[in-house]
Amino acid sequence: MNKKNMDTAFFGQPRGLSTLFFTEMWERFSYYGMRAILIFYMYYAVTKGGLGMSQTTAASVMSIYGSLVYLASVVGGWLSDRVWGPRKTVLFGGILIMIGHIVLSVPGKVAALYCSIAFIVAGTGLLKPNVSDMVGGLYSENDRRRDAGFSIYVFGINLGSAIAPWAVPWASEGFGFHLFGNHTNFHAGFALAAIGMFFGLLQYYFGGKKYLSDDGLRPNDPIDKDSLNKVIRWIIIGVIIVAAIFGILAFFKQLNIENVITLLTIVAIGLPIYYFILMLNSSKVTKVERSRVKAYIPLFIAAAIFWGIEESGSTVLALFAQDRTVLHIGAWHFEAANFQTLNPLFIMILTPFFVWLWDNWKNQPSAPNKFAAGLIFAGLSYAFMALPGILFGTSGRVSPFWLVGSWFIVEIAEMLISPIGLSVTTQLAPKAFQSQMMSMWFLADAAGQAVNAQIVKYYSTKTEVPYFLAVGIVSIIFGFILFAISKKIFKLMDGVN
């Protein structure tokens with residue numbers, strides 16, 4: 001029997017799974033805990049413990065922040081494969097994340113916020129794509145426990161994500177004892193996020209020495225010196241170009257956060273376009289593979305629209321929770337940030353049902369049809385959010401169950417798009433671009449959130465109804481278009497089902 005198959009110390013799984021389970025659980029705890037309160041920290045008045053930004057700017061910063069995390073994941077995957085190996089890359093990422101949370105936990109101004117964002121973006125980009133890779137490395141190719149192991153691992157991700165939106169706001173409000181008077185001490189919440197990442201690092205460092213393979217200490221495809229020098233030259237050129245752009249903006253007195261966000265939006269949208277052009281014109285891509293890349297384009301656009309809606313929990317829906325929602329049910333009072341637990345909670349509830357559905361539905365829809373249905377559900381989740389404004393006006397507060405219902409609907413969409421998208425991305429990837437194609441899945445999220453960074457500027461209590469309806473209708477219309485062309489897409493997939 002393969003040595004890997006003999007290790008059953010963690011609920012019948014390899015002992016190393018517990019190390020990666022708790023590492024990712026604590027990392028998600030720190031990230032989602034910080035994310036749950038960050039937008040409020042940015043726009044709350046200074047007298048209430050915030051930075052005093054406008055809601056519009058705060059929402060745009062949150063969106064581009066999320067976009068940058070997924071853009072950085074592409075770099076993190078490359079550094080793991082070519083330079084450091086996954087174990088070192090994850091360790092460096094965790095350290096950077098913790099530093100980012102520590103910067104936020106110390107009272108500072110807007111510059112400290114942007115410094116923190118830089119650390120957390122870089123750290124999450126290094127950590128996020130590589131922990132999953134190491135989970136797969138725990139199993140031999142014929143190990144039947146692989147799917148169950150990934151299910152346990154994903155549960156850990158959602159467990160950390162579900163607990164954080166309760167624990168971190170609770171800390172920022174004085175642990176239930178009103179320790180901070182009438183204002184919110186966001187820094188206490190950020191400190192708890194830093195502590196969570198610290199626990200994750202301890203678990204990873206000491207558990208990794210005992211239970212993770214030494215293969216992870218080496219890159220899969222080490223870069224040679226000449227290629228590394230070439231990459232360094234391109235990095236230097238890139239830095240010079242960015243510095244020149246910033247210099248020009250500064251000269252014309254246009255160097256501000258709004259214009260920086262616009263530039264980052266262009267990068268997040270332009271990068272996947274570049275990748276598609278590269279793959280479609282590469283001599284390394286066969287005719288069949290080129291057809292499959294063409295099939296992936298509408299699915300990529302669908303994924304970007306979906307992620308734009310799904311990721312709005314920390315922006316538009318967070319603002320709706322704070323400004324328009326009754327924050328109690330009977331005598332039970334809660335915080336606006338607590339709603340962000342609904343995303344991982346509904347994923348944990350819905351996943352077993354959808355696993356059963358796909359296992360037992362013999363003539364199930366094709367991937368394009370699943371994407372189309374997912375887009376329609378995503379659009380309906382936003383159309384649903386327009387109803388309270390239509391029915392009761394936008395000047396008062398409404399039941400929290402509007403948000404609960406919207407989150408439930410959009411998580412149905414996630415079940416139809418996210419796992420299917422991961423699977424179809426690997427199947428449609430040209431052999432010469434397998435790693436880059438997996439990066440495209442992250443870039444769909446990055447592009448969706450980059451677009452969000454621009455359109456959230458139009459959201460306010462006054463524009464609430466047309467905003468939700470406009471975005472929702474765009475998603476629904478594209479969903480029906482995808483249904484209409486699904487047979488053509490399926491034909492382009494050329495044998496992939």
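In this predicted model, helix 13 (residues 367–392) and helix 14 (residues 401–428) pack with their axes 8 Å apart, at an angle of about 165°. An angle over 145 degrees counts as roughly antiparallel, so helix 13 and helix 14 fall into that class with respect to each other. The crossing of helix 13 over helix 14 is left-handed. As for what sits in this contact, a breakdown by class gives 24 nonpolar residues, five polar ones and one charged one. Helix 13 also stands out for confidence: among the elements of the chain, its mean pLDDT of 97 is the highest, while helix 1 (residues 3–6) has the lowest, at 60. For the chain, the average pLDDT is 91, and 97% of the residues score at least 70.

Helix 14 has another partner in helix 12 (residues 342–360). Here the axes come within 9 Å and cross at roughly 50°, which makes helix 12 oblique to helix 14. This time the crossing is right-handed. On the helix 12 side, the contact is made by Leu-342, Asn-343, Phe-346, Ile-347, Leu-350, Thr-351, Phe-354 and Trp-358. Helix 14 brings in a set of residues including Trp-407, Phe-408, Glu-411, Glu-414, Met-415 and Ile-420. Sorted by class, the residues of this contact come out as 14 nonpolar, two polar and two charged.

A further helix pair involves helix 9 (257–281) and helix 15 (residues 434–455), which pack at about 150° with 9 Å between their axes. Helix 9 and helix 15 are therefore roughly antiparallel to each other, and helix 9 passes helix 15 in a left-handed crossing. Among the helix 9 residues that make the contact are Ile-261, Thr-262, Thr-265, Ala-268, Pro-272, Tyr-275 and Phe-276. From helix 15 come, among others, Gln-436, Met-437, Met-440, Leu-443, Ala-446, Ala-447 and Gln-454. The residues of this contact divide into 16 nonpolar and four polar, with no charged ones.

Helix 11 (residues 316–324) is a case of burial. Eight of its nine residues are buried, so helix 11 is largely enclosed by the rest of the structure. The buried ones are Val-316, Leu-317, Ala-318, Leu-319, Phe-320, Ala-321, Gln-322 and Arg-324. What surrounds them? The buried residues of helix 11 pack against helix 2, helix 3 (55–84), helix 13, helix 14 and helix 16 (464–492). Helix 13 and helix 14, the pair described at the start, are thus part of the surroundings of helix 11.

Individual residues fill in the picture. Ser-30 is found in helix 2 and has a relative accessibility of 0%, so it counts as buried. Neighbours within four places in sequence aside, Ser-30 is in contact with Ile-97, His-101, Ala-193 and Met-197. Gln-13, by contrast with Ser-30 in its setting, has its place in the loop between helix 1 and helix 2 (15–43). Gln-13 is buried too, because its relative accessible area is 4%, and buried means under 20%. Setting aside its neighbours within four places in sequence, the residues in contact with Gln-13 are Asp-7, Thr-8, Tyr-139, Arg-145, Ala-148, Gly-149 and Ile-152.

Two lysines complete this set. Lys-253 lies in the loop between helix 8 (225–251) and helix 9. Is Lys-253 buried or exposed? With a relative accessible area of 76%, Lys-253 is exposed. Its backbone deserves a mention as well: Lys-253 is not a glycine, yet it has a positive phi of about 60°. Lys-294, in helix 10 (residues 287–310), counts as partly exposed, at 44% relative accessibility. Its contacts, neighbours within four places in sequence left aside, are with Leu-280 and Leu-492. Leu-280 belongs to the stretch of helix 9 (257–281), and Leu-492 to that of helix 16 (464–492). From Lys-294 to Ser-63 the separation is 231 residues in sequence and 28 Å in space, C-alpha to C-alpha.

How values were computed
Residues numbered from 1 in each chain as written. Predicted model: local features only at pLDDT ≥ 70, side-chain atom pairs only at ≥ 80, totals over all residues. Heavy atoms only, no water. pLDDT = per-residue confidence, 0-100. Helix = DSSP H or I, 4+ residues; strand = E, 2+ residues; numbered from the N terminus. Axes fitted to C-alpha atoms, helices over the stretch in contact; angles between N-to-C directions. Parallel < 35°, antiparallel > 145°, perpendicular 65-115°, else oblique. Left-handed = near helix turned anticlockwise from the far one by under 90°. Nonpolar A, V, L, I, M, F, W, Y, C, P; charged D, E, K, R; others polar. Contact = heavy atoms within 4.5 Å. Buried < 20%, exposed > 50% of the residue type's maximum accessible area, 1.4 Å probe, protein only.
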